[in-house]
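These are my notebook entries from one pass through a single model. I wrote down what I looked up and what I found, entry by entry.

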Amino acid sequence: MRFSYDVIVVGAGHAGCEAAAASSRLGADTLLITLDLTKTAMMSCNPAVGGIAKGQIVREIDALGGLMGKVTDATSIQFRMLNMSKGPAMWSPRSQCDKIRFAYEWRRRLEACENLSMWADSVTSFIISDGKVAGVRTKLGVEFSAKAVVLTAGTFLNGLIHVGRVHYSGGRMGDEASFGLSDQLKSLGIETLRMKTGTPVRIDGRTIDFSKVERQDGNIENHHFSYSTQDRPQLPQLPCYITYTNPEVHSILRSGFDDSPLYNGTIKSIGPRYCPSIETKLVNFADKDQHQLFLEPEGVDTIEYYLNGFSSSLPLNIQMEAIKRIPGLESAQILRPGYAIEYDFFDPTQLYHSLESKVLGSLFMAGQVNGTTGYEEAAGQGLMAGINAALKVQGREPLTLMRDEAYIGVLIDDLVTKGVDEPYRMFTSRAEYRILLRQDNADDRLTEKGHAIGSVTEDAYARYIRKKNLRNEALNIVENKLLKMDRLNPVFEKLGTSPATESIKASQAIARPQVHISDLIPLMPEISKLSERSGDLSDEILESVEINIKYGGYISKEKQQAEKILRHNNIPLRGRIDYKNVKALSYEAREKLMRIDPATIDQAMRIPGVSPSDISILLVLLGR
């Protein structure tokens with residue numbers, strides 16, 4: 001085998017898989033190192049992809065040529081579009097997946113990547129040369145050299161598992177932790193901190209009484225994550241189920257608090273606010289008599305169910321006793337208890353927007369090592385880190401996504417500008433331009449960029465151009481088609497909207513909240529002819545036309561606001577001011593500006609502790 005590569009990716013979780021695939025897709029000779037190749041892209045927590053804001057990230061990954069959306073579609077066992085009662089900026093795709101098939105499908109696709117090799121081993125240290133990472137050493141004593149390294153170790157760095165008063169090292173239950181890397185990076189000046197996350201119990205589905213729980217089916221079958229997916233789901237579609245805790249369950253759980261590592265002082269690291277353990281819910285929402293739980297199937301050919309909402313590190317006997325008081329779970333058998341895990345992460349403000357370390361050149365970081373939580377956040381970072389590692393090796397400029405271009409851009413900018421004080425999870429509320437960052441238009445926002453750097457294939461780009469042209473042609477028809485009042489009003493009456501008093505354009509009719517483009521297709525033979533001629537006028541294209549009509553005013557207004565605010569992004573800052581000697585700046589501002597070293601005025605404006613008056617001083621110093 002060879003021992004020298006362009007890019008080495010450490011870890012094959014969701015970040016590592018996207019990083020390795022992206023790097024190899026750009027033509028970099030890439031090596032993926034992970035301890036166990038059979039656990040590639042394991043769903044360590046819930047067996048699902050997407051959700052509010054997370055689904056948008058997966059669509060963006062796909063638009064840039066990434067693989068998570070394709071793998072999800074191939075292994076989906078239930079698809080839902082969340083927030084359909086709200087505007088399209090809030091629509092968020094989510095899919096239950098067959099966990100075993102998901103990992104298998106990822107490995108199959110990685111093995112098909114040109115320029116990608118794999119090695120089963122544990123990385124114990126980095127090779128450092130001239131202040132840069134130049135390769136890695138492994139537990140087997142092998143040295144691999146590289147021009148760039150991407151670290152995506154997830155929860156494995158000095159990982160420590162907790163179940164009540166039982167504690168042992170591990171990267172996740174059943175896997176050993178990784179040691180050595182954190183200490184080395186800390187000695188080199190990279191700030192190292194600790195975080196905590198957790199996962200719920202797994203239940204034997206044969207012991208669940210489904211007559212006592214509420215069935216929840218998928219709400220849409222013909223939607224998907226990847227723009228390339230055309231077929232209906234390949235696997236049987238399975239329901240999830242809803243049940244609830246109750247005061248008796250809560251009483252049992254509270255009886256175990258003295259042995260809970262969260263409350264007896266054992267765990268001192270930062271835990272997630274937005275995905276709390278069941279014991280944290282009882283403390284923070286003491287007035288609530290019940291909490292909603294979801295029973296989610298882990299696959300088509302398994303009895304295993306994931307009890308979403310019951311993350312816990314309480315003792316095993318407490319977990320078992322409490323679960324048997326939950327409706328439908330009175331006879332439940334546990335396959336694996338819930339547990340908490342503590343692990344090392346690194347202050348992400350020590351990274352550039354490319355996700356390269358400011359402290360140690362040629363080292364890129366992605367995923368939970370940057371303080372995030374969630375498969376989707378990890379995969380988005382992994383994609384960008386893999387792309388930028390390959391671009392650096394090739395002597396090309398890094399790819400940076402702006403806040404008005406992608407949720408991935410918001411994610412990375414938040415990390416490198418603000419840092420984290422808890423595991424970072426993406427929400428639509430974090431994006432100030434979320435009307436622009438919809439799940440339906442990720443390809444419009446990003447596919448051109450991906451094609452320009454080589455992460456989007458020619459076939460995928462041609463498919464996007466075809467879709468774009470068809471959408472624009474359909475939009476032109478709708479905006480110019482005049483619908484006569486006598487034909488239109490019967491449709492309006494059926495839909496419960498006020499009648500038209502004159503003939504109007506189809507776009508004016510679609511702008512009404514009660515009217516959808518599908519309602520008017522019988523009145524527009526031009527659309528039917530376009531569909532027949534193209535053979536490819538999908539529901540997705542028509543949905544895009546409708547969104548552009550109904551929300552065109554809001555979209556235009558937000559674009560104008562984004563352009564106005566982001567003008568500051570064109571004012572370069574890095575390397576132009578010696579903050580330490582600018583006494584007019586507040587002490588906090590000087591400290592933060594020196595540590596983060598913002599690239600532009602726009603980034604400086606988002607640093608916590610940097611006030612508008614501080615920004616005014618910087619602009620004066622720059623002669624603006």
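Which residue in β18 is the bridge partner of His-162? I looked this up before anything else, keeping in mind that the model is a predicted one, and found that the partner is Ala-340.

**Entry: strand β18 and its partners**

I then followed the pairing outward from that bridge, and noted that β10 (residues 160-163) and β18 pair in the antiparallel sense over 3 bridges. Strand β12 (residues 192-204) is also antiparallel to β18, and here I read 8 bridges between the two, with Leu-193 having Phe-345 as its bridge partner in β18. When I turned to burial, I found that 8 of the 8 residues of β18 (residues 339-346) are buried. Both faces of the strand are covered, with Tyr-339, Ile-341, Tyr-343 and Phe-345 buried on one side, and Ala-340, Glu-342, Asp-344 and Phe-346 buried on the other.

**Entry: the sheet with β3, β5 and β4**

I looked next at an open sheet of 3 strands, whose order is β3-β5-β4 and whose pairing is antiparallel. Why do β3 and β4 each have one side without a neighbour in the sheet? Both stand at the edges, β3 at 48-50 and β4 at 76-82, and each has a single partner strand, so one side of each is left without a neighbour there. Ignoring direction, I noted that neighbouring strands of this sheet are turned by 15° against each other on average. Between β4 and β5 (residues 92-97) I read 6 bridges in the antiparallel sense, and in this pairing Arg-80 stands opposite Arg-94 of β5.

**Entry: two residues with positive phi**

I went through the backbone angles with one expectation in mind, namely that most residues other than glycine have a negative phi. Ala-53, which is not a glycine, has a positive phi of about 70°; this residue is found in the loop between β3 and α2 (54-63), and because its relative accessibility is 0%, I count Ala-53 as buried. Ser-362 also has a positive value, with phi near 70°, and lies in the loop between β18 and β19 (363-365). With a relative accessible area of 5%, Ser-362 is buried.

**Entry: the nonpolar cores**

Which residues touch the most other members of the largest nonpolar core? Of its 105 residues, I found these to be Ile-8, Leu-151 and Leu-363. The largest share of this core, 10 residues, comes from helix α9 (residues 375-393). Apart from it I noted another core of 26 residues, among them Leu-470, Leu-483, Ala-509 and Ile-541. I then took Leu-363 by itself and, not counting residues up to four places away in sequence, listed its contacts, which include Phe-126, Val-133, Val-149, Leu-151, Leu-185 and Ile-190. Glu-356 and Ser-357 are also among the residues that Leu-363 touches.

**Entry: Phe-102**

I found Phe-102 in helix α4 (residues 99-111), where it is buried, with a relative accessible area of 0%. Phe-102 and Ala-41 are 61 residues apart in sequence, yet their C-alpha atoms are 7.6 Å apart in space. Leaving aside neighbours within four places in sequence, I listed the contacts of Phe-102 as His-14, Ala-41, Met-43, Val-49, Val-71, Thr-72, Thr-75 and Cys-97.

**Entry: Thr-243 and helix α6**

Is Thr-243 buried or exposed? I read a relative accessibility of 3%, so Thr-243, in strand β14 (residues 240-244), counts as buried. The Thr-243 side chain reaches the backbone oxygen of Pro-327 at 2.9 Å, and contacts beyond four places in sequence include Val-213, His-291, Leu-293 and Ile-326.

For helix α6 (residues 247-254), I noted that Val-249, His-250, Ile-252 and Leu-253 are buried. Seen down the helix axis, the buried residues of α6 fall within an arc of 165°, so they line one face of the helix. What covers them includes α7 (278-284), β16 (304-311) and α8 (316-323). At the N-terminal end of α6 I found Asn-246 as a cap, with a side-chain oxygen lying 3.1 Å from the backbone nitrogen of Glu-248.

Methods. Residues are numbered from 1 along each chain as its sequence is written. This is a predicted model: local features need pLDDT of at least 70, side-chain atom pairs count only at pLDDT 80 or more; totals for chains, interfaces and linings use all residues. Side-chain values use heavy atoms; hydrogens and water are left out. Buried means under 20% relative accessible area, exposed over 50%, partly exposed in between (1.4 Å probe, protein chains only). Helices (H or I, at least four residues) and strands (E, at least two) are DSSP runs, numbered from the N terminus. The arc is that of the directions from the helix axis to the C-beta atoms. Contact means heavy atoms within 4.5 Å. A polar contact is a pair of N or O atoms within 3.5 Å; within protein, one must be able to donate a hydrogen and the other to accept it, and residues adjacent in sequence count only if both atoms are side-chain atoms. A nonpolar core is a set of buried Ala, Val, Leu, Ile, Met, Phe, Trp, Tyr and Cys residues joined through side-chain atoms within 4.5 Å. Two strands pair if DSSP finds at least two bridges between them. Axes are lines fitted to C-alpha atoms, for helices over the stretch in contact, and angles run from 0 to 180 degrees between N-to-C directions.
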